[in-house]
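Colleague: Hi, have you got a few minutes to walk me through this one? I'd like to hear about the surface, the backbone and the rings.
Modeller: Sure, let me put it on screen.

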Amino acid sequence: MRIPFVSFKPLEEEIDQDLRAAFDRVLTRSWYIEGEEDKAFEEAFAGYCGVSYAVGVGNGLDALMLALKALGIGEGDEVIVPSNTYIATALAVTYVGATPVFVEPVIDTFNIDPSLIEDKITSKTKAIMPVHLYGQACDMDPVMEIAKKHDLFVVEDCAQAHGATYKGRKVGTFGCAAGFSFYPGKNLGALGDAGAVITNDKELADKVRALGNYGSDYKYHHIYKGNNSRLDELQAAFLAVKLPLLDKVNEDRRRIADAYSEGINNDKLILPYVREDCVPVWHIYAVRCKERDALEKHLNGLGIGTNKHYPIPIHLQECYKDLGIAKGCLPIAEEISATELSLPLYYGMTDEQIRFVIDSVNSF
């Protein structure tokens, strides 16, 4: 049996006619940027998240970057980010001219450890950017308390956590803004690249929108040195088709994750830990294994697709050698990078496929 790491087919086949109708609708209108589809999706997504405003942008990285830029964060500033995350989190900080400052995660949840944040705060610190990694919410109460104590902005990176909750409240609603990615592989994915910033602050939303539109508040009038990052009509239309199914998609992902957690009993693996006050959406089902590469080879040999998130931590990437963070300085991030393996998990996996993955892991 061959099982890919991810497949879009089950959902796309289910909504094929709706996606084609959305395409035809946009094509018939001949309006492709900042039109009715964009506005409708922004309103629907804001409503789903439980905030007042959503601003569509080109991708998840731009969402984070534009949120930071709109908050006035730039040259000489520092932003606290987790040491274990996708590089886009750090790049957003770099792109506004600020410096990412890494804080280690709680190894059980992979998310930033709030107890370590205050030690990294300096006079240059302007914001904390917690990442709700792999679809599980960060421990947001202490993060928000620290931010309030030190008068810092909080910008949530929700790129992998569409619909995840912390203490009954959706992620993205705790800080002053949050960035989402709609990359095709996300729980809510476009048929191309797309992203959004959400917030309850109208002034901030307006500024993000202007910054993403060449710094323009109306045509040929530029109040900021902006960027070109807008959600196009076609992707907005596709996302509007998928949004009503997001809770169903997330529930199906929980079905698969629960089966893995109950069925995998190989003591060579450490399975994901879920906080009692969180409801994850399982963008990634990440196990840890000291023999990770051998496990990957074993599973791939049986036709099971896997992935590693992320095999080189950010501080050891060539592009961030200027930060001068030597190997061994962030040992938890390095431990995760060396041991993490992601198992197949996507909407529509059959019970037979799930059982084959479980049996294959257990046979390692």
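Colleague: Let's start with Phe23: is it buried, partly exposed or exposed?
Modeller: One thing to keep in mind is that this is a predicted model. In it, Phe23 is partly exposed, because its relative accessible area is 36%, which falls between the 20% limit for buried and the 50% limit for exposed.

Colleague: Which helix is Phe23 found in?
Modeller: Phe23 belongs to helix H2, which covers residues 16–29.

Colleague: And which residues form a nonpolar patch with Phe23 on the surface?
Modeller: Its partners are Leu27, Tyr32 and Ile33. Together the four residues have about 360 Å² of accessible area.

Colleague: Okay, backbone next. What is phi of Glu34 near?
Modeller: It is near 50°, so positive, in a residue that isn't glycine. Glu34 sits in the loop between H2 and helix H3 (36–49). With a relative accessibility of 35%, Glu34 counts as partly exposed.

Colleague: Why point out a positive phi at all?
Modeller: Because most residues other than glycine have a negative phi. Tyr214 is another with a positive value, near 65°.

Colleague: Where is Tyr214 found?
Modeller: Look in the loop between helix H7 (202–212) and strand E10 (216–218). Tyr214 is partly exposed, at 42% relative accessibility.

Colleague: What about peptide bonds: which residues does a cis one join?
Modeller: His309 and Tyr310, with omega at about -5°. Tyr310 lies in the loop that runs between helix H10 (292–301) and helix H11 (331–339). As a rule, most peptide bonds are trans.

Colleague: Switching to strands. In what order do E6, E7 and E13 form their open sheet?
Modeller: The order is E7-E6-E13, and the pairing is antiparallel. Strand E7 (169–170) and strand E13 (278–279) are the edge strands, each pairing on one side only.

Colleague: How many bridges join E6 to E7?
Modeller: There are 2, with E6 being residues 165–166. Across that pairing, Thr165 stands opposite Lys170 of E7.

Colleague: And which ring does Lys170 lie over?
Modeller: The ring of Tyr48: Lys170 is over its face, 4.4 Å from the ring centre. Lys268 has such a position over the face of Phe364, at 4.9 Å from the ring centre.

Colleague: Since we're on rings, how many aromatic pairs does the structure hold?
Modeller: It holds 9. One of them is Tyr166 with Phe174, whose ring centres are 5.6 Å apart.

Colleague: Why is that pair, Tyr166 and Phe174, edge-to-face?
Modeller: Because the planes of Tyr166 and Phe174 are at 75°, and anything over 60 degrees counts as edge-to-face.

Colleague: Are those two rings in buried or exposed residues?
Modeller: Buried: Tyr166 has a relative accessibility of 1%, and Phe174 has a relative accessible area of 13%.

Colleague: Then what kind of pair do Trp282 and Tyr285 form?
Modeller: A tilted one, with 5.3 Å from centre to centre and 35° between the planes. Both Trp282 and Tyr285 are buried.

Colleague: Last one: which residues do ring pairs link into a cluster?
Modeller: Phe41, Phe45, Phe180 and Phe182.

Colleague: Great, thanks for the tour!

Definitions and conventions: Residues are numbered from 1 along each chain as its sequence is written. This is a predicted model: local features need pLDDT of at least 70, side-chain atom pairs count only at pLDDT 80 or more; totals for chains, interfaces and linings use all residues. Side-chain values use heavy atoms; hydrogens and water are left out. Two strands pair if DSSP finds at least two bridges between them. Helices (H or I, at least four residues) and strands (E, at least two) are DSSP runs, numbered from the N terminus. Patches are made of residues with over 30% relative accessible area and no salt bridge: like charges are joined within 9 Å, nonpolar side chains (Val, Leu, Ile, Met, Phe, Trp, Tyr) within 5 Å. Accessible areas come from the Shrake-Rupley method with a 1.4 Å probe; for residues, only the protein chains shown count as cover. A salt bridge is a side-chain nitrogen of Lys or Arg within 4 Å of a carboxyl oxygen of Asp or Glu. Buried means under 20% relative accessible area, exposed over 50%, partly exposed in between (1.4 Å probe, protein chains only). Rings of Phe, Tyr and Trp (its six-membered ring) pair if their centres lie within 6.5 Å; planes under 30 degrees apart count as stacked, over 60 as edge-to-face and the rest as tilted. A charge sits over a ring if NZ of Lys or CZ of Arg is within 6 Å of the ring centre and within 35 degrees of the ring normal.
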